[in-house]
Amino acid sequence: MKIKYHLEKCDSKTKARLGKIETNYGTVETPMFMPVGTRATVKGLTPEQVKDCGAGIILSNTYHLWLRPGENVVALSGGLHQFMNYDGPILTDSGGFQVFSLAKNKEKDITEEGVHFKSHIDGKDLFLTPEKSIEIQNKLDSDIAMMFDECPPASASHEYLKNSVERTLRWAKRGKAVHNNENQSIFGIVQGGAHQDLRKFSAIETVKLDFDGYSIGGVANDGESKEDMYKAIDYSIPYLPENKVRYLMGIGDPIDIIEGVIRGVDIFDCVLPTRIARHGQAFTHTGKINLNNAKYIEDFTPVDEECDCYTCKNYTRGYIRHLISTKESLGGTLLSIHNIRFLIKLTEELREAIKEDRVLEYREQFINKYKKTTKD
């Protein structure tokens, strides 16, 4: 079946929403953070460990799975859930962000038909179209598929972004026209940079295409300011339907998640929690810490005293620092568990705050505490 979103409650002082999403793998609650399993794995973790973090929907990457092992291999295995042994809902992105971020400008050619570019693996010539992206995602058999969109840089001019938004809309129509997986939901993507007129136009026209949910894209680009990110959300949200999921793509900073929820966003994803974990960094309620620092050698406290994750219940900062400094992979795994659980617990706390109409108070308390830590 396609997903169904149910709006349960709105915070009385903000646009924050409490909701539920019915999926083929049970009902999940929003606001929600989705761990990223780029190559059909949340890096360094087993599916059971991901579930133990409280994860509902997770994300996998169309571009990377297209190149390796190939969508046909995944289809032969029984689909992405079978392939990676994950019995929860999975969202696949379109591959658009990777095409525009991994290929250098001189190595890609954007046309009306699609994008010509070179593989980041071996330099092979590739061509990805809206139809091809949906065909791949149909075969991956994810629960939610994303439309193929153009991801222009934050520095792009208004004129360029206008043309890009219009092209993305045409691509969305083409992708939707070939979608043929009746159990798979499809999301449209709103673009337009930090320009109010473009965001409004993109949102209104994308909603006319009647997707199962809507994403706000183009907010995790290099060079974009926090102010522009929040503008992009504010300019998009008013034109998105209340009875559909709202997804802010590529955001994993704790404060950005809170700000997104306050503005009416339901779900978030980002590679940040596992990426920084592999480099010895961890989120805590008093700020981000870097366990590479020597001051943690004899620190036998949990990563975060307030955290209920497996790592914080069983291991110390000093031990994890030892693992990181000796390049033992367990260090990255333990910090990934903690960081993912930290962001999921953050959204759980936000859900409780919405129930009690105290989202603004929660934001103030969280930020005041989070910014206490001096930079490591």
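**Reading cavities and a sheet**

A: Let's open with one detail of this predicted model: α7 gives the largest share of the lining of the largest cavity, 3 residues.

Q: How many cavities of 30 Å³ or more does a search of the whole structure find?

A: The general idea first: when a probe the size of a water molecule is rolled over the atoms, it shows where empty space is left. Here, a search of the whole structure turns up 2 cavities of 30 Å³ or more. The largest cavity holds about 40 Å³ of space, and the volume of the second largest cavity is about 30 Å³.

Q: Which residues line the largest cavity?

A: You can pick them out in the structure: Met-147, Phe-148, Asp-149, Thr-168, Leu-169, Ala-172, Gly-188, Ile-189 and Thr-206. Two elements, α7 (158-178) and β11 (185-190), are the ones that give two or more residues to this lining.

Q: How do the residues of that lining divide into nonpolar, polar and charged?

A: For the largest cavity, the lining has 5 nonpolar, 3 polar and 1 charged.

Q: Which residues line the second largest cavity, and which elements each supply at least two of them?

A: The second largest cavity is lined by His-285, Phe-342, Lys-345, Leu-346, Glu-349, Tyr-362 and Phe-366. Both α14 (329-355) and α15 (359-370) supply at least two residues of its lining, with the largest share, 4 residues, coming from α14. By class, the lining of the second largest cavity splits into 4 nonpolar, 1 polar and 2 charged.

Q: Now the sheet, please. What is the order of the strands in the open sheet of 3 strands, and is the pairing parallel or antiparallel?

A: In general, strands of a sheet pair through backbone hydrogen bonds, and the pairing is either parallel or antiparallel. In this structure, the open sheet of 3 strands reads β7-β8-β9, and its pairing is antiparallel.

Q: Why is one side of β7 and of β9 left without a neighbour in the sheet?

A: β7 (108-110) and β9 (125-128) stand at the edges and each has a single partner strand, so one side of each has no neighbour in the sheet. As for the twist, neighbouring strands of this sheet are turned by 15 degrees against each other on average, direction ignored.

Q: How many bridges join β7 to β8, and which residue in β8 stands opposite Lys-108?

A: β7 and β8 (residues 115-118) run antiparallel and are joined by 3 bridges. Opposite Lys-108 you will find Phe-117 in β8.

Technical notes
Residues are numbered from 1 along each chain as its sequence is written. This is a predicted model: local features need pLDDT of at least 70, side-chain atom pairs count only at pLDDT 80 or more; totals for chains, interfaces and linings use all residues. Side-chain values use heavy atoms; hydrogens and water are left out. Two strands pair if DSSP finds at least two bridges between them. Axes are lines fitted to C-alpha atoms, for helices over the stretch in contact, and angles run from 0 to 180 degrees between N-to-C directions. On a 1 Å grid over the protein atoms alone, a cavity is a set of points where a 1.4 Å probe fits but cannot get out, and a pocket is an open set with protein on both sides within 12 Å along at least five of seven lines; lining residues have an atom within 4 Å of a point. Grid points are joined across faces, edges and corners, and a volume is the space filled by probe spheres set on the points. Ala, Val, Leu, Ile, Met, Phe, Trp, Tyr, Cys and Pro count as nonpolar, Asp, Glu, Lys and Arg as charged, and the others, Gly among them, as polar.
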